[in-house]
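Please follow the charged side chains through the structure shown here, taking their salt bridges as the guiding thread.

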Amino acid sequence: LLVLMLGCLLLFNSESQATNLSEAIEIARENNRNIKLEQIKLKSIKTEKTRAIAEFLPELSANGSYSQRNSFYQGQTYDRSTKQKTQEIKLEQPIFDGFHSVSKFREAKYKIKAVDAKNSDKIQEISLMAIQSYCNLFRYLELIKLQEEKDRKSTRLNSSHTDISRMPSSA
């Protein structure tokens, strides 16, 4: 009961108020921290899949260097200078890594499915709680209306009873 009441409070104290059940469910989904957390986890796992795919691609590296050496002998004008440039581009593709890359890719795929299923479960759970809260709120509003109507009828009955008791009795 406390959870349902808190659900009602959270549902209807949010920035926008629901006017129907669909809006109540949508607001509950948008404002739920657990759903947001599962969506963040899903993005993180998708990053793992991207890394696993990257292991299938070749590695490219580039290096370059430039050096210059000047030598002067004292007393002579003999100048010996050396200039050296090196450039290297390397492209490597591992042919066989013991199916490590394949297993990482499959693991990432299964993790995505698991987190996606958990996310779907959370969404359904929150939707059900929103439906229950909305129905309870509707029921409580109807009970309040019935109580108010009962109070009005009771007041009218009491006032008519008072009027009858004030009437002079006929002899």
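In this predicted model, a network of salt bridges links Glu48, Glu107 and Lys111. Within that network, the side chains of lysine 111 and glutamate 48 come together with an N to O distance of 3.3 Å. Because lysine 111 belongs to helix α4 (residues 100–166) whereas glutamate 48 belongs to helix α3 (residues 33–54), this pair ties together parts that lie 63 residues apart in sequence. Lysine 111 is partly exposed, its relative accessible area being 31%, and glutamate 48 is likewise partly exposed, with a value of 28%.

A further contact to helix α4 starts from the loop between α3 and β1 (59–72), where glutamate 55 is located; its partner, lysine 104, lies in helix α4, so the pair ties together parts that are 49 residues apart in sequence. The side chains of glutamate 55 and lysine 104 meet in a salt bridge at 2.7 Å, N to O. Glutamate 55 has a relative accessibility of 27% and therefore counts as partly exposed, and lysine 104, at 32%, also counts as partly exposed.

The salt bridge between lysine 145 and glutamate 142, whose closest N and O atoms are 3.6 Å apart, can be followed within helix α4, where the two residues are three positions apart and thus separated by about one helical turn. Glutamate 142 is partly exposed, with a relative accessible area of 31%.

Taken over the whole structure, the search finds six salt bridges, among them the lysine 111 to glutamate 48 pair, the glutamate 55 to lysine 104 pair and the lysine 145 to glutamate 142 pair.

Key
Residues numbered from 1 in each chain as written. Predicted model: local features only at pLDDT ≥ 70, side-chain atom pairs only at ≥ 80, totals over all residues. Heavy atoms only, no water. Salt bridge = Lys/Arg side-chain N within 4 Å of Asp/Glu carboxyl O. Helix = DSSP H or I, 4+ residues; strand = E, 2+ residues; numbered from the N terminus. Buried < 20%, exposed > 50% of the residue type's maximum accessible area, 1.4 Å probe, protein only.
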